[in-house]
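Q: Can you walk me through this structure? I'm new to this, so keep it short and plain.

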Amino acid sequence: MIEARRLAIGYKNNILHESLDFELSCGEVVCLMGLNGAGKSTLIKTLCGFIKPLGGSLKIDGEIGVVLTDKGNAGGLTVYEMVSLGRYKHTGYFGTLRENDHKVIQESLKAVGIEGKADRYMSQISDGERQKAFIAKALAQECPIIILDEPTAFLDVTSRIETMALLRKLAYNQGKAVLISTHDLDNAINFADRLWLLSKERQLVSGAPSSLVENGTVEEFFKLRDAGTL
Amino acid sequence: MNRRKNITLYCAAGAFLLALFLSNIFFGSVKIPLRDILAILSGNFEGRESWRHIVLETRLPQAVTALLAGSSLAVSGLMLQTLFKNPLAGPSILGISDGANLGVAVSMIYFATTSYITTIATAFAGAAVVLALILWFSSKLKNNVMLLIVGIMMGYLASSVISILNFKASSDKVHQYVLWGMGDFGNVSIEKLPYFAIIAIAGLIAAVLLIKPLNALLLGESYASNLGVNIKRSRLMILGCTGLLTATATAFCGPISFIGLAVPHIARLVLGSSNHQQLLPVTLITGSCIALLCNMLTLLPGSNGVLPLSAITPIVCAPVIIYVILNRKNIQYFN
């Protein structure tokens, strides 16, 4: 679904990476890991189209639904209304929802398991539920690719596991390509099909969690962090 | 069930608006019997010509002006609050009204013009300059409180320039400007009314057409652009619409503070939602109601004349803002 060759990312006077190669296929969960400053957010922003790539090629097959760390100002919307914004491209000039839109919204709410909270205000639900609501919004967009920027950052342990398990289920059941940036190594190893390890020195290293653990790449990656050289 | 609640709300708001509109026509500093007013309105009045003049050429245009100016300012405030993700934004807080004031001052004092087309054009230019500056600052300042303070500073700057202009001007021009500066929905005569109404209604229609992107912008610009909103274009259209509505209301009625800031809050509290599909129409109606109410309150001294409008709007609106700030923890849209 996503294929990058010699992709250069960063900002005009601050190039972070000059040549990244990676691909993301449908039905798989990939966790993007890296230290602060390694360029995770920049990579995510580039893939989402918020900033332009500086060079190389980036092919994206289909649209992307995003879950970001922005808090927004949606506290006065109900969960249902917020998720319905995912239908933006499918509705007419005034954003009036048709029968099919309502169906998609209800299915999305069901898929993340918060259909019971549909009439609550966004400001009344917990952090974990809010994250699920945003995932439901991304589902309502009906995009083949979902990219999430640190979706578990502000969640407690239970909600972290729940969220990761939910994303894995969505990838398998609905064939979505799911890319998650995270700092949470344990859950990344448990739930991802592949890890992308991003660092200044080694660019992007991709592989199955088990093989990256076995051949010592993960250990090296995090040891280097302990030594403070990354 | 929700729909039924909304219909009840719209009916109540409509009835309230109608009652206020009629009160504005029935009551004034000159007492005219209700029966005669109805006769004047239906065109069968045979009595005093002065009464007909008061009702048809003073009270009626004044009520229509209040109705349109109130909704213009309120809708501007709502759009600014959504765009800047700041519930305390508003045309007067961000200095946009002051920009329009400056434009009017330049045309009244410097060009000594009485043509309202020139006045609107200069008011719009002033508002547009401040809007452009605010937009530029908003890309530099991520902190919303800082942006508000910059807006307040811009307001002061515009006021300083106005004072300097006044200092250099002759006293009769200053007097004219000071009168305008008190704010008055009665400034719009029956001849000017069509021009004011056409521009205001065009601005309000444009605002209604912006409901969809406004809703998406509640999630922040990144989410909105991912949903398919053309951020640059939407932002320009929202600001252009806000500038037009604020500048028109200011040019015709003088600077009217607080309505743009307070009314969107009243509308959200009554409606219990930030969804612009309902919030924008309710803000529009509430803006008209509050403006008509304020216009009524200027008559309080009775037959001894009328109070300046600029003294009334803060009395009605400021308590709303204080209430909202004190209760922000319990108000959904603040969290």
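Q: How far apart do the C-alpha centres of domain 1 of chain A and domain 2 of chain A lie?
A: The C-alpha centres of those two domains of chain A are 26 Å apart. The domain bounds come from an automatic or database domain assignment. It gives domain 1 of chain A as 1-62 + 144-230, and domain 2 of chain A as 73-143.

Q: Anything I should know before we go on?
A: This is a predicted model: local features need pLDDT of at least 70, side-chain atom pairs count only at pLDDT 80 or more, and totals for chains, interfaces and linings use all residues. Residues are numbered from 1 along each chain as its sequence is written, chains are lettered from A and ligands numbered from 1 in the order in which they are written, and side-chain values use heavy atoms, with hydrogens and water left out.

Q: Back to the domains. How many residues of domain 1 of chain A are in contact with domain 2 of chain A?
A: 16 residues of domain 1 of chain A are in contact with 11 residues of domain 2 of chain A. Contact means heavy atoms within 4.5 Å.

Q: And how much area do the two domains of chain A bury between them?
A: Domain 1 and domain 2 of chain A bury about 1100 Å², with 67% of it on carbon and sulfur atoms. Buried area is the accessible area (1.4 Å probe) that two parts lose on being put together, summed over both.

Q: Which residues of domain 1 of chain A lose the most area there?
A: They are A:Ile146, A:Leu155 and A:Leu166. Together they make up 33% of what the domain 1 side buries.

Q: How many salt bridges are counted between domain 1 and domain 2 of chain A?
A: The count is 1 salt bridge. A:Glu162 and A:Lys132 meet in a salt bridge through their side chains, at 2.5 Å, N to O. The rule asks for a side-chain nitrogen of Lys or Arg within 4 Å of a carboxyl oxygen of Asp or Glu.

Q: New topic. How many residues of chain A are in contact with chain B?
A: 32 residues of chain A are in contact with 27 residues of chain B. The two chains bury about 2600 Å² between them, 57% of it on carbon and sulfur atoms. In chain A, A:Asn73, A:Tyr88 and A:Phe94 lose the most area to chain B. Together they account for 28% of what the chain A side buries.

Q: What about salt bridges and polar contacts across the interface of chain A and chain B?
A: The rule finds 0 salt bridges across that interface. It does find 15 residue pairs in polar contact, both residues at pLDDT 80 or more. A polar contact is a pair of N or O atoms within 3.5 Å; within protein, one must be able to donate a hydrogen and the other to accept it, and residues adjacent in sequence count only if both atoms are side-chain atoms.

Q: Which element gives the most to the side of chain A that touches chain B?
A: β5(A) does, with 4 residues. Helices (H or I, at least four residues) and strands (E, at least two) are DSSP runs, numbered from the N terminus.

Q: Let's do strands. How do β1 and β2 of chain A run?
A: Strand β1 (residues 2-11) and strand β2 (residues 14-24) of chain A run antiparallel, joined by 7 bridges. Two strands pair if DSSP finds at least two bridges between them. A:Ile9 has A:His17 in β2(A) as its bridge partner. β1(A) and β2(A) form a hairpin, with 2 residues between them.

Q: And β1(A) with β4(A)?
A: β1(A) pairs with strand β4 (residues 55-60) of chain A in the antiparallel sense, over 5 bridges. Here A:Ile2 has A:Ile60 as its bridge partner.

Q: How many salt bridges are there over all chains?
A: The count comes to 13. One of them joins A:Lys59 and A:Glu3, with the closest N and O atoms 3.8 Å apart. A:Lys59 lies in β4 and A:Glu3 in β1 of chain A, so this pair ties together parts that are 56 residues apart in sequence.
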